[in-house]
Amino acid sequence: MVRSSVPRLVVAAPSSGSGKTTVATGLMAAFAARGLAVSPHKVGPDYIDPGYHALATGRVGRNLDSYLCGTELVGPLFAHGARGCDLAVVEGVMGLYDGAAGEGELASTAQVAKLLRAPVVLVVDASSQSRSVAALVHGFASWDPEVRVAGVILNKVGSDRHEAMLREALDASGVPVLGALRRAPQVGTPSRHLGLVPVAERRTEAVEAVAAMAAQVRAGCDLDALFALARGAGDLPGVAWDAAEAVRSSAAADRTAPGGAARSSTAPEALGGVKRVAVAGGPAFTFSYAEHAELLTAAGAEVVVFDPLRDERLPEGTVGLVIGGGFPEVYAPELSANEPLRKAVAELAFAGAPVAAECAGLLYLARELDGQPMCGVIDATARMHERLTLGYRDAVAVADSVLAAAGTRMRGHEFHRTVVEPGAGPDPAWGVRAPERRVEGFVQRGVHASYLHTHWASEPGVARRFVERCLTS
């Protein structure tokens, strides 16, 4: 059995807003500046923080989500991302023990820390407390004996006297203080209706923010002690995830499943040539999991990124199109103004080519977004809405599509402040079972468009099926 021995630690907090992103990103950048190869990870479905992590480390930011991918894939996906690195830093989500609603510890930072056998560093917002910090840390450290809270970093400390009071209170807790950070507005990053502004939209300012985070962490944290803590994580048993093996295994599973002979089960080496799949990128489409492109490549596709804000044509030879999430509502006028590309997307879709669209991609394929003409592939309109739709979803494919056979079960995540009317076409993409039963999305010709973000590593046959359709469309 292959074992990953990459030093690792998890950066968590009692609640959101405590400073996890500042500390985790600052640690990544500070250790990278020492010449270490740092592997960045984020617990949960967040797409934005990994962009800052990538900026800090020079490596792709990766997500670890036990709800979307299953607990069995957390370790292998971690080992895949951290392969060959000197250190891995995992930024948690929400509070340490907060997970999927009604699902116990599932998808919590605590669960991921246990699955990775990794020590936890708790970031505490100390701005409005002194001696009480010891009670808070004691509670979090003792709540679950399987979670090793091995250190504390005090954030938003007001003064030297304040820091001394906090350290004195924590002396008897048994949890060492590994850092104390002063209040520093310059490390802040702007946010809007769905959280932080992505790196792709503010590259220069983001670079400056990450540099400020690194400087603050270097000045306030004991990096040597933190690295020693990470090195004590020990071996992580299991085999690293591999996209090519995942695709091969999905084909074998299809062949042996009931009714498998009627299902698509082509092995990637038998697909008969590489086909170009265009993937939307740029400032308007920043939400994607790195494993999606890796799976498409393993299935036989050549993945080419294009920017719908600037490129007036799809990449030459495009036979399939993937349009992920992002913020098209922020760029609706510019996307609309790029009429040549909108027409090219519509022509490809109406010709029956495979098109997979998630959330922002769904909005882009609609007739209009906030009154601005879009691609007109989907007979629906989209607009901003005052209500935030957020949460994990348990879904089943309603109709056969380029992504999944009818009846395929997947878990997804919704995160948007827009509404599409109607919410589903004559052939919906998904039947959602929780929190309420409904159908949503659109399946027509080769198009699969939906609000649900899914992680294809959980069902690699999705990528293989998509590429197969590219070869036969």
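This report describes selected strands, cores, loops and backbone features of one protein chain. The structure is a predicted model, and every value below was computed from it.

## A strand enclosed on both faces

The description can begin with strand β3, which covers residues 38–43. Of its 6 residues, 6 are buried, so β3 is largely enclosed by the rest of the structure. The cover extends to both faces of the strand, since Val-38, Pro-40 and Lys-42 are buried on one side, while Ser-39, His-41 and Val-43 are buried on the other.

Which strands are joined to β3 by bridges? One of them is β5, made of residues 87–91, which runs parallel to β3 and is joined to it by 5 bridges. Within this pairing, Ser-39 has Ala-88 of β5 as its bridge partner. Another is β4, made of residues 62–64, which also runs parallel to β3 and is joined to it by 3 bridges. Here Lys-42 has Asn-63 of β4 as its bridge partner. Between β3 and β4 the chain passes through helix α2, residues 49–57, and this β-α-β crossover is right-handed.

## Two nonpolar cores

The largest nonpolar core holds 111 residues, and the members that touch the most other members are Leu-96, Leu-116, Leu-154, Leu-226, Leu-296 and Phe-466. Helix α1, residues 20–33, supplies the largest share of this core, with 7 residues. A second core, separate from that one, has 39 residues, among them Leu-341, Ala-349, Ala-353 and Ala-382.

Leu-96 shows what such a place in the core looks like from a single residue. Leaving aside its neighbours within four places in sequence, Leu-96 is in contact with residues that include Ala-12, Ala-13 and Pro-14, and its further contacts include Val-120, Leu-122, Phe-140, Val-147 and Val-149.

## Buried residues in loops

Asp-307 is found in the loop between β13 (301–306) and β14 (318–323). Is Asp-307 buried or exposed? With a relative accessible area of 11%, Asp-307 is buried, because the limit for a buried residue is under 20%. The side chain of Asp-307 makes a polar contact of 2.6 Å with the side chain of Arg-310. Apart from neighbours within four places in sequence, Asp-307 is in contact with Gly-281, Gly-282 and Pro-283.

Pro-283, one of those contacts, lies in a loop of its own, between β12 (275–280) and α11 (290–298). Pro-283 is buried too, with a relative accessible area of 10%. Although Pro-283 and Pro-328 are 45 residues apart along the chain, their C-alpha atoms are separated by 8.7 Å.

Gln-129 lies in the loop between β6 (120–125) and α6 (132–143), and at 18% relative accessibility it counts as buried. A polar atom of the Gln-129 side chain lies 3.3 Å from the backbone nitrogen of Val-133. Leaving aside neighbours within four places in sequence, Gln-129 is in contact with Val-124, Leu-136, His-162 and Leu-166.

## Cysteines

How many disulfides does the model contain? The count comes to 0 disulfides. A disulfide is a covalent bond between the sulfur atoms of two cysteines. Cys-470 is in no disulfide, and the nearest cysteine sulfur, that of Cys-375, is 17 Å away. Cys-470 is buried, with a relative accessible area of 3%, and Cys-221 is buried as well, with a relative accessible area of 8%.

## Backbone features

Most residues other than glycine have a negative phi, and most peptide bonds are trans. Against that background, two residues and one peptide bond deserve a look. The table sets out the two residues, neither of which is a glycine.

| Residue | Phi | Loop | Relative accessibility |
|---|---|---|---|
| Ala-107 | about 75° | between β5 and α5 (109–116) | 4%, buried |
| Arg-117 | about 55° | between α5 and β6 | 48%, partly exposed |

Both angles are positive, that of Ala-107 and that of Arg-117. The peptide bond is the one from Glu-421 to Pro-422, which is cis, with omega near -5°. Pro-422 lies in the loop between β19 (409–421) and β20 (430–434).

Methods: Residues numbered from 1 in each chain as written. Predicted model: local features only at pLDDT ≥ 70, side-chain atom pairs only at ≥ 80, totals over all residues. Heavy atoms only, no water. Buried < 20%, exposed > 50% of the residue type's maximum accessible area, 1.4 Å probe, protein only. Helix = DSSP H or I, 4+ residues; strand = E, 2+ residues; numbered from the N terminus. Pairing = 2+ DSSP bridges. Right-handed = clockwise from strand over helix to strand, strands pointing away. Core = buried A, V, L, I, M, F, W, Y, C linked by side-chain atoms within 4.5 Å. Contact = heavy atoms within 4.5 Å. Polar contact = N/O pair within 3.5 Å; in protein donor to acceptor, adjacent residues only side chain to side chain. Disulfide = S-S within 2.5 Å.
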